[in-house]
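Trainee: I am new to this structure and should like to understand how its description is justified. May I put some questions to you?

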Amino acid sequence: MDSLDIKILEILQRDAEQQVAQIAEQVGLSTTPCWRRIQRLKEAGVITRQVALVDAQKVNVGVTVFVSVRTSTHTQEWFERFRATVQAIPEVVEFYRMSGDVDYLLRVVVPDIAAYDGVYKRLTAGTSLRDVSSSFAMEELKLTTALPLSYVK
């Protein structure tokens, strides 16, 4: 990737709805070469998909809960069952295996505490867990889907 690819990615991360001609103008290319670069970025798997970002408040899932999970079991069979349980819960929007004291970290979005209780019950019914700790976000201070591109080699 060169500096033009990085500029294209920066633009697309801000607003992927822009027409190729608009992007081309911003990076100093004509439309066809810009389109080709975007296609190459897609084919190389750099651009993985284009989505619409939805306002959580307007779709009534404005409460964010970070859920830390610790387990005593680390078998592949247990993990597959736990992963299937988590993936079946649409309110879980992010799911990570962690290092350190916490084994897994989930980001859950719900309308309220009662809805989170339902998520909690589905989560704990599917597998045996040693500890589940939930932290409710009080205020969103930064939220972005744009990745920093200054590390591109």
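Mentor: Certainly. Helices are DSSP runs of H or I with at least four residues, and strands are runs of E with at least two. By that rule, this predicted model has five helices and four strands in the chain.

Trainee: What pattern does the chain follow along the sequence?

Mentor: The order is α-α-α-β-α-β-β-α-β.

Trainee: What makes α1 count as a helix under that definition?

Mentor: A helix needs at least four residues; α1, residues 3-14, has twelve. From first C-alpha to last, α1 reaches 17 Å, close to the 16 Å expected at 1.5 Å a residue.

Trainee: Why are some residues of α1 called buried?

Mentor: Buried means under 20% relative accessible area, so L4, D5, I6, I8, L9, I11 and L12 of α1 fall below that cut-off. Their cover includes α2 (20-27) and α3 (31-43). Of the 153 residues of the chain, 26% count as buried.

Trainee: How does the radius of gyration of the chain compare with that of a compact globule?

Mentor: A compact globule of 153 residues would have a radius near 15 Å, whereas the chain has 20 Å. The chain therefore exceeds the value of the globule rule. Its C-alpha atoms fill a box of roughly 55 × 35 × 25 Å along the principal axes.

Trainee: What share of the contacts with a separation of 6 or more joins residues 24 or more positions apart?

Mentor: Such residues account for 62% of those contacts, a contact being heavy atoms within 4.5 Å.

How values were computed
Residues numbered from 1 in each chain as written. Predicted model: local features only at pLDDT ≥ 70, side-chain atom pairs only at ≥ 80, totals over all residues. Heavy atoms only, no water. Rg over C-alpha atoms; globule rule 2.2 N^0.38 Å. Buried < 20%, exposed > 50% of the residue type's maximum accessible area, 1.4 Å probe, protein only. Expected span 1.5 Å × (residues − 1).
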